[in-house]
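Hi,

Here is the structure I promised to pass on to you. Have a look at it first, and then read my notes underneath.

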Amino acid sequence: MQRFEVKGHEPSLLPEGDWRLVWSDEFDGTELDRTKWDYRMSMMGMRWPAWTDEGVKLDGNSNAVFTMMMKDGMPVSSQLQTGYNFMDQPIEKTVFGHDHLQWNIGKLHENKYTHSHGYFECRCRLQQKEGWWSAFWLQSPVIGASLDPDDTGVEIDIMESFYPGEVHRHNVFTGGYGLDMQRRCVGGGFEIENKEEFHTFGLLWDETGYTYFVDGKEDGKITDFTSNRRNFILISTEVKGYRYEDHKPVKEAFDNVGDTFVVDYVRVFDEVK
């Protein structure tokens with residue numbers, strides 16, 4: 001790996017090659033740049049109760065701080081995205097012509113930023129306590145609209161941490177999230193010795209597949225489901241329990257309200273050929 005210096009900030013750790021920075025957020029200042037990010041509030045056609053648009057603040061030291069917080073008596077947190085999945089927005093009643101026919105997707109939104117192929121990188125400090133999880137990942141806006149990943153894309157999970165200090169194995173999904181869903185994974189996950197340290201998670205996406213990196217070292221590759229479809233970026237947290245059958249937050253979430261997940265930067269690079 002090689003260092004890519006960014007003035008006034010921590011350097012990137014890039015694969016060998018000639019790279020140029022094409023998109024980034026260093027989280028400078030005190031206000032989230034809403035031209036780059038939106039809050040994800042809905043999932044699979046419903047307003048998702050685990051998420052709020054109040055859970056991310058910039059600390060003035062070039063960090064975005066995600067906080068598990070109480071709202072209306074329930075623990076919630078936030079998820080940021082640079083684009084939108086076409087199946088997320090809740091459906092509103094429509095009429096086609098004079099017929100009462102329902103178009104089964106909600107209002108579409110123009111993506112803020114999407115990209116395919118290149119190097120995607122996030123430097124972050126994981127959550128410290130149980131009750132919620134964090135992730136850095138990419139998603140196609142139209143995943144599942146066909147069976148062809150090259151046509152309608154994939155989900156690429158670069159970093160997921162479901163328990164403090166533990167990093168889950170990497171995934172690629174295609175075919176949507178129903179009957180046609182397919183998944184590949186690599187790596188067995190690992191533990192971080194010092195939970196308070198920042199770590200760098202990267203993805204090299206090229207025509208051969210998806211190669212994952214942790215702190216500048218390769219951590220596995222997936223060669224299935226290669227895609228050219230542009231994806232948007234997500235930095236996500238979610239309180240545990242809302243996806244269970246009773247849709248209630250777990251006890252640990254109530255106990256650990258105030259815990260934080262901290263992101264130093266997100267960067268996207270293209271290789272100069």
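Below is what I found, starting with the sheet and moving on to the pockets and the cysteines.

Please keep in mind that this is a predicted model.

An open sheet of seven strands runs in the order β4-β11-β22-β13-β14-β16-β17, with antiparallel pairing. At its edges are β4 (38-39) and β17 (182-186), each of which pairs on one side only. Further in, β13 (residues 132-139) and β22 (residues 232-239) are joined by eight bridges in the antiparallel sense. If you want a spot to look at there, Trp 137 stands opposite Leu 234 in β22.

Those two strands come up again in the largest pocket, which has a volume of about 750 Å³. Its lining takes at least two residues from each of β13, β14 (154-161), β16 (170-174) and β22, and β13 gives the most, with four. In total 34 residues line this pocket, and Met 43, Met 44, Glu 155, Tyr 177 and Arg 243 lie nearest its centre. By class, the lining has 15 nonpolar, ten polar and nine charged residues.

The second largest pocket holds about 280 Å³ of space. Of its 16 lining residues, Gln 81, Tyr 84, Asn 85, Gln 89 and His 109 lie nearest the centre. This lining divides into six nonpolar, six polar and four charged residues.

Finally, the cysteines: the structure holds zero disulfides. The sulfur of Cys 124 has its closest cysteine sulfur in Cys 122, but at 4.3 Å that is too far for a bond, since a disulfide needs the two sulfur atoms within 2.5 Å. Cys 124 is buried, at 1% relative accessibility, whereas Cys 185 is partly exposed, at 35%.

Best wishes

Terms used: Residues numbered from 1 in each chain as written. Predicted model: local features only at pLDDT ≥ 70, side-chain atom pairs only at ≥ 80, totals over all residues. Heavy atoms only, no water. Buried < 20%, exposed > 50% of the residue type's maximum accessible area, 1.4 Å probe, protein only. Pairing = 2+ DSSP bridges. 1 Å grid on protein atoms, 1.4 Å probe; cavity = no way out; pocket = protein on both sides within 12 Å on 5 of 7 lines; lining within 4 Å. Points joined across faces, edges and corners; volume = space filled by probe spheres on them. Nonpolar A, V, L, I, M, F, W, Y, C, P; charged D, E, K, R; others polar.
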